[in-house]
Amino acid sequence: MAAAPLRESHAQGARQAFDDANVLIRGGTLLSMDPQVGDHAQADVLIRAGNIVAVGRDLDAPGVPVLDARGAIVLPGLIDTHWHMWNSLARGYAPTPSGTRFFEAMKTLSAAYEPDDSYLAVRYALAEAISGGITSVTNWAHNVRSPAHADAELRAMFESGAGGRFLYGYPQDMAASKTNDFADIERVRKQYFDGARGLIDLGVAIRGPERTPASTWRREMEFAQQRGLPFSVHVAVTRDVQKQRAIDQIHASGFLDASTELVHATHAGDEDFRAIVAAKSNVVITPFTEMRVGYGITPVKRMLDNGVRPTIGNDTTVLAGNADLFGVMRAVLSLANGQAEKELAVPSRRVLEMATIDAARNLGLESRIGSIAPGKQADMIVVDAKRLGAAPVTDPLAFVTEAAQPACVRDVLVAGRFLKRDGKLTRVDASRLVDDADAAWHRLQARIKRA
Ligand SMILES: [Zn+2]
């Protein structure tokens, strides 16, 4: 797969789509997540050239194709800020059938990956994401075994039509003394990301103080900082590693700022949270995986009490099972209420902000995505509530945060283009993709057995 033509075709594709993306979404129940626009029992959204130009009742737009959204809920596309997409072929792989725990299983699996596997896994993960109403994803790529693996993951991301961020990582089995491949990150930056910001941007995935010596992680963070690249690091994941005070170390070294993302922070102290808030750094939580892998109970209430505005992610379908960001919202809401021992500790709207406008802010894109308002890019979803297990909807906000499922997502638009329409993905043949994923998984298993 030659990388240069890909970039060209991506740029052309983006231009064409923006020219074509005119839609009038008619009569849906609107959760705009924009304070000026507000919520409406029924409203129209007019999209021209991929952007929202008007929101209101009975909008008139002769010649613009109409999407009937009566009886459905229209809301901003969901944004997943933490997902290791490369391992999406291995759903539920540990402890069985791998015979080991998650981290060991991933190390063995990762070594068997060829670029084609990375491509297919990311393509598959993104199809699942889009189908479930996710319009942007941060892909925390920690199995970049070669430049070709990086190109493969990027190709899948660009082809998907979704937005997000590629966090350029490292091979799982890389020595702690070795730094990320700076030369190739530079190459990728120049090759794919040198123009105006498109739907996807670039950052760096760093192992950090809990996994590498200071001589490694400081050089990596310095590399990112000097180039204005955001970086992300897993921190305070267990009670034991929190003794290393990773957040403190990052702070003391001058790397805690608005382009820093800290993942999990399950055992961070209140003083860590206060430092994070003061530095305007980003925090991502992934409750299902944090609990499933035994890190601990996601301290949602303590984060909120300290002023942290966490965003949410699926993390990995190996542990999370599926990519249901509605379910993650429900988990976050329930954790906060449970920890507060109070029924209404966190409002539904606050939880939906985590998956929309706050996540957009994490990506530095709050003026462009994350809510439905004139001037913004048309990233939105139409959720069908007229179905078993959903109807009747007594309250749209409560429905979205506590009852909706990926299967309820009827339409998905990114920059005004349909990535899912009337329940069907538009860019991939889902049943063929499932067959391809099965075949790739069997090849991987055979390779692991031979190794
Ligand atoms: Zn992670």
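**Note on a predicted model**

1. The side chain of S160 has a polar atom 2.7 Å from the backbone oxygen of M157. The model discussed here is a predicted one. S160 belongs to helix α4, which covers residues 147–160. Its relative accessible area is 11%, and since buried means under 20%, S160 counts as buried. Leaving aside residues up to four places away in sequence, S160 touches L126, I130, L419 and R427.

2. The zinc ion comes next. Its protein donors are the NE2 atoms of H82, H84 and H234, at 2.0 to 2.2 Å from the ion. Along the sequence these donor residues follow the spacing H-x1-H-x149-H. H82 and H84 are both buried.

3. An open sheet is built from eight strands, in the order β6-β7-β8-β9-β10-β11-β12-β13, with parallel pairing. At its edges stand β6 (78–83) and β13 (311–312); each has a single partner strand, so one side of each is left without a neighbour in the sheet. The partner strand β7 (residues 134–141) runs parallel to β6 and is joined to β6 by four bridges. Within this pair, W83 is opposite N139 of β7. Helix α6 (residues 214–226) packs on the sheet, where α6 touches β9 (200–206) and β10 (231–235). The direction of α6 makes about 165° with that of β9.

4. Which residues of helix α8 are buried? In this helix, residues 270–279, they are D272, F273, A275, I276 and A279. These residues lie on the same side of α8, because they cover an arc of only 160° around the axis. Their cover includes two helices, α7 (246–252) and α10 (300–305), and two strands, β11 (260–264) and β12 (282–285). Both of these strands also appear in the order of the open sheet. Just after α8 comes K280, which takes a positive phi of about 60°.

5. Strand β14 (residues 380–384) is mostly covered, with four of its five residues buried. Two antiparallel pairings involve this strand. With strand β5 (residues 72–76), β14 pairs over five bridges in the antiparallel sense, and A72 stands opposite D384. With strand β15 (residues 409–414), β14 shares four bridges, and the two run antiparallel. In that second pairing V383 of β14 is opposite V409 of β15.

6. Is G28 buried or exposed? G28, in strand β1 (residues 23–31), has a relative accessible area of 1% and is buried. Residues up to four places away in sequence set aside, G28 touches H40, A41, Q42, A43, A69, R70, A72 and V74. One of these, A72, is the residue that stands opposite D384 in β14. The C-alpha atom of G28 is separated by 6.8 Å from that of D44, a residue 16 places apart from G28 along the chain.

Terms used:
Residues are numbered from 1 along each chain as its sequence is written. This is a predicted model: local features need pLDDT of at least 70, side-chain atom pairs count only at pLDDT 80 or more; totals for chains, interfaces and linings use all residues. Side-chain values use heavy atoms; hydrogens and water are left out. Buried means under 20% relative accessible area, exposed over 50%, partly exposed in between (1.4 Å probe, protein chains only). The arc is that of the directions from the helix axis to the C-beta atoms. Contact means heavy atoms within 4.5 Å. Donors are N, O and S atoms within 2.8 Å of the metal (3.2 Å for Na, K and Ca); water is not among the atoms, so sites may look incomplete. Two strands pair if DSSP finds at least two bridges between them. Axes are lines fitted to C-alpha atoms, for helices over the stretch in contact, and angles run from 0 to 180 degrees between N-to-C directions. A polar contact is a pair of N or O atoms within 3.5 Å; within protein, one must be able to donate a hydrogen and the other to accept it, and residues adjacent in sequence count only if both atoms are side-chain atoms.
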